[in-house]
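Here are some short exercises, each followed by a worked solution. Have a look at the model, try each task yourself, and then read on.

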Amino acid sequence: MLTRRHIRVKVMQCIYALIQSEDDSLEKQQKFLNVSIANVYSLYLLMLSLLLELHQLAQKHVSASSKKYLADEQDNFPNKEKFIHNKLLVQLAENSALKEALDSRKLNNWYLNEEYIKIIYKDMVESKLYQKYMQSTENSYEEDKEIVIALFKEVVAPNDKIYEYFEDDKLTWVDDIPIVNTFIVKRLKKAKEDSTFSFFLPKLLKDEQDMVYAKNLLSKTLLNNAEWEKEISAKTPNWDKDRIAEIDHILLKMAICEFVHFASIPEKVTINEYLEIAKEYSTPKSSIFINGILDKVVKEYKANGKMQKIGRGLL
């Protein structure tokens with residue numbers, strides 16, 4: 001689920017938090033990193049369970065409408081139970097492994113905050129997407145999958161109330177929401193009628209090496225902070241330190257750390273990754289500034305042998 005770029009962002013956030021809190025405890029930051037990465041999976045489970053909550057609320061509405069004497073809007077559809085029989089949603093609802101994952105992490109957020117589900121449900125049933133789906137007489141897994149994906153992209157993901165809720169709950173989730181939402185859409189697109197329970201519970205990290213990389217990047221960047229500061233100052237003689245954006249400073253230190261301590265990562269990969277992160281998290285001109293500094297560092301390190309790269313794909 002998480003790529004190396006996402007991991008770099010997590011490390012950047014840890015270092016930024018350390019600077020803001022003026023707490024130089026490496027142990028605390030490592031714990032913060034572990035929790036921050038683990039919380040991405042909790043967010044994934046919560047967003048997925050939001051679909052289950054909408055499905056359950058739809059069941060309640062259909063059940064209530066069947067007991068009414070007066071007709072309501074649902075009666076205008078060829079099959080008012082079409083949404084509650086949506087094959088993908090039923091597949092998720094019957095996924096015992098998903099339920100166990102939610103229960104084990106005590107992720108009962110929507111039960112405690114059902115007003116958010118009601119807001120999204122109202123937006124959903126009023127949407128043209130939902131109306132068109134309910135008017136359709138087609139009955140296929142593909143159609144059911146398409147409507148779930150479309151509703152997630154157009155109704156659930158853009159909802160401001162959900163964004164505000166997550167922002168208040170865990171600040172790091174603000175940056176994680178786009179990552180998780182994009183992953184969910186990609187995952188749902190690959191879903192099949194015979195997908196196993198585990199398909200909807202992917203690994204958070206590709207392998208253990210990703211977590212090792214995250215911890216080493218954090219520790220080696222912080223423990224060698226004075227060295228990285230010296231390198232940046234030498235490459236920016238006409239710049240006052242206060243003129244360099246805090247995030248730019250952090251990204252430069254992390255990148256230089258990768259040049260020296262991560263021999264298997266090509267310098268071009270390192271540079272490209274940090275330039276992309278700078279474009280998203282720092283100032284409009286940050287990527288140009290960072291690129292110029294890193295280019296000088298690479299040339300110098302290659303000349304004096306300080307940077308030794310190994311592995312496939314290297315010149």
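**Exercise 1. Find what share of the 315 residues of the protein counts as buried, and describe the secondary structure.**

Solution. Start with burial: of the 315 residues, 48% count as buried, where buried means under 20% relative accessible area, exposed means over 50%, and partly exposed is in between (1.4 Å probe, protein chains only). Before going further, note that this is a predicted model, in which local features need pLDDT of at least 70 and side-chain atom pairs count only at pLDDT 80 or more, while totals for chains, interfaces and linings use all residues. Residues are numbered from 1 along each chain as its sequence is written, and side-chain values use heavy atoms, with hydrogens and water left out.

Next, the secondary structure: the protein has 15 helices and zero strands. Here helices (H or I, at least four residues) and strands (E, at least two) are DSSP runs, numbered from the N terminus. Then the dimensions: along the principal axes, the C-alpha atoms fill a box of roughly 85 × 40 × 35 Å. Finally, consider contacts, meaning heavy atoms within 4.5 Å. Among those between residues at least 6 apart in sequence, 81% join residues at least 24 apart.

**Exercise 2. Work out which helices each supply at least two residues of the lining of the largest pocket.**

Solution. First, the term: on a 1 Å grid over the protein atoms alone, a pocket is an open set of points where a 1.4 Å probe fits, with protein on both sides within 12 Å along at least five of seven lines, and lining residues have an atom within 4 Å of a point. Second, the volume is about 340 Å³, counted as the space filled by probe spheres set on the points, which are joined across faces, edges and corners.

Third, the lining: 17 residues line the largest pocket, and Leu52, Glu53, Gln56, Lys99 and Leu102 lie nearest its centre. The helices asked for are α2 (26-65), α3 (87-93), α4 (96-104) and α5 (109-112). Of these, α2 gives the largest share, six residues. Last, sort the lining by class: seven residues are nonpolar, seven polar and three charged. In this sorting, Ala, Val, Leu, Ile, Met, Phe, Trp, Tyr, Cys and Pro count as nonpolar, Asp, Glu, Lys and Arg as charged, and the others, Gly among them, as polar.

**Exercise 3. Explain why Cys257 and Cys14 form no bond with each other.**

Solution. Begin with the chemistry: a disulfide is a covalent bond between the sulfur atoms of two cysteines. The rule used here asks for a pair of cysteine sulfur atoms within 2.5 Å, and by this rule the count comes to zero disulfides. The closest cysteine sulfur to that of Cys257 is in Cys14, and because it is 14 Å away, it is too far for a bond. Now check burial: Cys14 is buried, at 0% relative accessible area, and Cys257 is buried too, with a value of 0%.

Cys257 also appears around Thr221, a residue of helix α11 (residues 208-223). Thr221 is buried, at 2%. Apart from its neighbours within four places in sequence, Thr221 is in contact with Ile15, Asn216, Trp228, Lys253, Met254 and Cys257.

**Exercise 4. Is Asn113 buried or exposed, and which side chain does it join through a polar contact of 3.4 Å?**

Solution. Locate the residue first: Asn113 sits in the loop between α5 and α6 (114-126). Its relative accessible area is 18%, so it counts as buried. A polar contact is a pair of N or O atoms within 3.5 Å; within protein, one must be able to donate a hydrogen and the other to accept it, and residues adjacent in sequence count only if both atoms are side-chain atoms. The partner at 3.4 Å is the side chain of Tyr165. In addition, a polar atom of the Asn113 side chain lies 2.8 Å from the backbone oxygen of Asn109.

**Exercise 5. Find where Lys106 is and what its phi value is.**

Solution. Lys106 is in the loop between α4 and α5, and it is exposed, at 68% relative accessible area. As background, most residues other than glycine have a negative phi. For Lys106, phi is near 55°, a positive value.
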